[in-house]
Amino acid sequence: MHAHLSPAGPHGRDRQSARVGKAAAEEVRAPAAGLRTAARPARRLAGPLALALPALLVACTADEPVTPPPATSTPVPVGMDAARDALAALAAAAQDRHLVAGYTLRSPDAPDRTIMVTSANDGTWRVDVPGGALGGTADVSLAATADGLFQCALPSAARPEPASCVRLGDRDDAVPRRLDPRVQHPFTDWLDVLTDRRAPLAVSPAQPLPGASGACYSVETTSASINAPLDVGIYCYDPDGTPTAVRTAFGTLTLAGPPGPAPATVQLAGPVVDGEPLGTAAPEPADSPSAGTL
């Protein structure tokens, strides 16, 4: 039995194997070449994309809202703020402190006088002021009752007539400036100012006034208005709200003794009459030209 041999012989088989291997290699190189060709555009895009990303990030960052720094203001000194609170608390206690008390009034150009203050349980009040009218020659009493605000002329050496009262207005009205001796304010409407935290005041602790007990505070106004809400000065109070001393432009008031119990309501010093109230200014001499004589 004879073996069947390819016509090409052994050398023919080698050439055939070589052709098959070459074809297979070409098939492998073709996909690889395609892959390399497809990868080139990606490498060309990588450069511009790398440059664009930082700019894009910067633009996004620029669009984010910037948080502004917290607003700053001039701080209030802690000591002054605490003093303002302490004085407001004492003034509030003084509003609820009902009493009868005498205060010594010392003024630069006048003899010492005793001011009598009555704060009744129903909220009415009365302040008797020796020398409070006609340039210090007439005594008056100011009072606020349920019927209104009154000035009463008291008997004195310059005016020996019985006491009589003139109505000035409603209970909460202000005393007209020409009639105002001012010494009643620390016990009445100025207490409202001292308790009002919106009032333009600067408050600081002060050394106690001579003869005064309790705590004292220096009060200044921070407004340039000519109509200040109260007189600047020093205000002193006991812890229970009793005013013990006040020093302002009109002089110095100092508590003269222990306060007495308050009445249920105040009584006017005399009957209400139709007439003119007494002004604080001294009367003009009868023979002056303005008085009607030459």
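Here is a short walk through the sheet, one residue within it, the salt bridges and the aromatic pair of this structure.

1. A word before you start: what you are looking at is a predicted model. Please keep that in mind as you read the points below.

2. The sheet is a good place to begin. It is an open sheet of 11 strands with antiparallel pairing. Going across, the order is β6-β5-β4-β3-β2-β1-β11-β10-β9-β8-β7. Which strands stand at the edges? They are β6 (164–169) and β7 (201–206), and each has a single partner strand, so one side of each is left without a neighbour in the sheet. On average, and ignoring direction, neighbouring strands of this sheet are turned by 20° against each other.

3. Now follow the sheet inward from the β7 edge. Strand β7 pairs with β8 (residues 215–221) in the antiparallel sense, over 6 bridges. If you would like a pair to find in the viewer, take Ala206, whose bridge partner in β8 is Cys216. On to the next pairing: β8 and β9 (residues 233–237) run antiparallel and are joined by 5 bridges. Here Tyr217 stands opposite Tyr235 in β9.

4. A little further along the order, β10 (residues 243–248) meets β11 (residues 251–255). These two strands run antiparallel, and 4 bridges join them. To locate the pairing, look for Thr248, which stands opposite Gly251 in β11.

5. Ser218 deserves a stop of its own. This residue lies in strand β8. Is Ser218 buried or exposed? Its relative accessible area is 18%, and the limit for buried is under 20%, so Ser218 counts as buried. Which residues is Ser218 in contact with, leaving aside its neighbours within four places in sequence? The list is Ala202, Val203, Ser204, Pro205, Ala206, Gly233 and Ile234. You have met Ala206 already, as the bridge partner of Cys216.

6. Next come the charged side chains. How many salt bridges does a search of the whole structure find? It finds 10 salt bridges. One of them links Arg126 with Asp128, where the closest N and O atoms are 2.8 Å apart. Both partners, Arg126 and Asp128, are buried.

7. Arg167 and Asp170 make another salt bridge, with 3.1 Å between the closest N and O atoms. Arg167 is partly exposed at 41% relative accessible area, and Asp170 is partly exposed too, at 46%.

8. In the salt bridge of Arg182 with Asp180, the closest N and O atoms are 3.7 Å apart. Arg182 is partly exposed, with a relative accessible area of 25%, whereas Asp180 counts as buried at 11%. Elsewhere, salt bridges that share partners join Asp81, Asp85 and Arg197 into one network.

9. Last, the aromatic rings. The structure holds 1 aromatic pair. It is made by Tyr103 and Phe187, with ring centres 4.9 Å apart and planes at 50°, so the pair is tilted. Where do the two residues lie? Tyr103 is in strand β1 (residues 99–107), while Phe187 is in the loop between β6 and α3 (189–195), so the pair ties together parts that are 84 residues apart in sequence. Both Tyr103 and Phe187 are buried.

Notes:
Residues numbered from 1 in each chain as written. Predicted model: local features only at pLDDT ≥ 70, side-chain atom pairs only at ≥ 80, totals over all residues. Heavy atoms only, no water. Pairing = 2+ DSSP bridges. Axes fitted to C-alpha atoms, helices over the stretch in contact; angles between N-to-C directions. Buried < 20%, exposed > 50% of the residue type's maximum accessible area, 1.4 Å probe, protein only. Contact = heavy atoms within 4.5 Å. Salt bridge = Lys/Arg side-chain N within 4 Å of Asp/Glu carboxyl O. Phe/Tyr/Trp six-rings, centres within 6.5 Å; stacked < 30°, edge-to-face > 60°.
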